Amino acid sequence: MSSPNTTELHPSSFLLLGIPGLEAAQIWLGFPFCIVYLIALAGNLIILFMIWTDHSLHQPMFYFLAMLSAIDLSLSTATIPKMLGIFFGLQELCFGCCVAQVFFIHFFTVMESIVLLAMGFDRYVAICNPLRYTMILTNRIIGVIAAVVVLRSLCMIAPIIFLLLRLPYCEHRIISHTYCEHMGVARLACASISANVYYGLGNISILFLDVLLIIISYARILCTVFYLPSQDARLKALNTCSSHICVILAFFCPALFSFLTHRFGHNIPQYIHILLANIYVVIPPALNPVIYGIRTKQIQEQVKSLFAKEILNKK
């Protein structure tokens with residue numbers, strides 16, 4: 001006979017509870033999350049379509065923006081549909097699906113961090129070394145950067161999957177979250193998860209290094225901007241950088257608050273932890289295309305042109 005405290009290498013499925021403490025409100029929370037997801041889909045698809053079809057946008061800055069939009073589409077699609085299913089009662093998720101979600105959420109999150117760093121480098125070269133901009137950021141270099149984005153993300157996240165697969169799991173298969181994430185799954189194991197904890201902290205340290213490099217690049221940019229002789233040139237440079245800074249803040253601030261409350265906010269209610277963890281994977285994908293649509297003149301003009309053509313075709 002099997003013992004009551006059964007340990008199995010890989011359970012058939014996990015049960016995701018959603019947001020503990022807000023069970024009664026989850027159905028209502030599903031509607032704003034659904035609207036945010038639709039905004040993310042529509043906004044990022046429009047950005048990608050604009051960049052794909054308009055040759056005037058085939059520039060390094062817009063190539064990086066296209067990468068960011070593709071990542072945002074992927075990140076939101078990896079989280080929100082299942083999240084909505086949990087809110088409406090579909091709480092079970094197979095083990096393989098859960099591990100796949102762990103991989104894709106962390107993979108796209110790391111990719112976004114590196115792309116934001118690349119965008120900071122792009123603005124640094126454009127403003128601090130404009131005469132060599134086209135020589136430095138060639139199509140070949142952008143291709144290399146794209147490959148580095150994928151490879152570094154893969155190298156950082158693939159070991160997490162092996163660390164999870166090696167663990168034996170107990171009967172406890174309930175995850176108090178709206179999606180599967182590394183430590184949430186690892187804590188269900190019946191063995192030491194020290195390797196998972198230390199590896200996760202190592203990855204977070206690398207992401208903090210990304211943040212530090214982004215801060216340094218924008219500090220150098222601001223120093224250069226304030227020495228520009230023309231006020232118009234200063235305003236143009238600041239306007240270009242402001243959209244990037246808004247996107248960076250929208251991504252890193254919720255992620256930072258989520259990390260700090262998770263590590264040190266032991267007296268904070270669990271639903272606050274879960275909501276913060278949701279914000280950093282849900283809000284930036286919807287907010288980024290809105291920020292670039294408002295702040296980037298070329299994108300504004302292309303969107304207006306597209307809608308003007310649609311109106312003329314209907315007439």
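1. Start with helix α9: of the elements in the nonpolar surface patch, α9 gives the most, with four residues. Keep in mind as you look around that this is a predicted model.

2. So who is in that patch? The members are I35, I39, I279, I283, L287 and V290, and together they have about 440 Å² of accessible area. Two elements each give two or more residues to the patch: α1, covering 26–53, and α9, covering 270–295.

3. Take I283 for a closer look. This residue is found in helix α9. Is I283 buried, partly exposed or exposed? Its relative accessibility is 33%, so I283 counts as partly exposed, given that the partly exposed class lies between under 20% for buried and over 50% for exposed.

4. Now for the sheet. It is an open one with three strands, ordered β2-β1-β3, and the pairing is mixed. The edges are taken by β2 (92–94) and β3 (174–175); each has a single partner strand, so one side of each has no neighbour in the sheet.

5. How do β1 and β2 run relative to each other, parallel or antiparallel? They run antiparallel, with three bridges joining β1 (residues 13–16) to β2. As a general reminder, strands of a sheet pair through backbone hydrogen bonds. If you want a spot to zoom in on, F14 stands opposite L93 in β2.

6. Last, which helix packs on this sheet? That is α3, residues 95–128, which touches β1, β2 and β3. The direction of α3 makes about 85° with that of β2.

Note on methods: Residues are numbered from 1 along each chain as its sequence is written. This is a predicted model: local features need pLDDT of at least 70, side-chain atom pairs count only at pLDDT 80 or more; totals for chains, interfaces and linings use all residues. Side-chain values use heavy atoms; hydrogens and water are left out. Patches are made of residues with over 30% relative accessible area and no salt bridge: like charges are joined within 9 Å, nonpolar side chains (Val, Leu, Ile, Met, Phe, Trp, Tyr) within 5 Å. Accessible areas come from the Shrake-Rupley method with a 1.4 Å probe; for residues, only the protein chains shown count as cover. A salt bridge is a side-chain nitrogen of Lys or Arg within 4 Å of a carboxyl oxygen of Asp or Glu. Buried means under 20% relative accessible area, exposed over 50%, partly exposed in between (1.4 Å probe, protein chains only). Two strands pair if DSSP finds at least two bridges between them. Contact means heavy atoms within 4.5 Å. Axes are lines fitted to C-alpha atoms, for helices over the stretch in contact, and angles run from 0 to 180 degrees between N-to-C directions.
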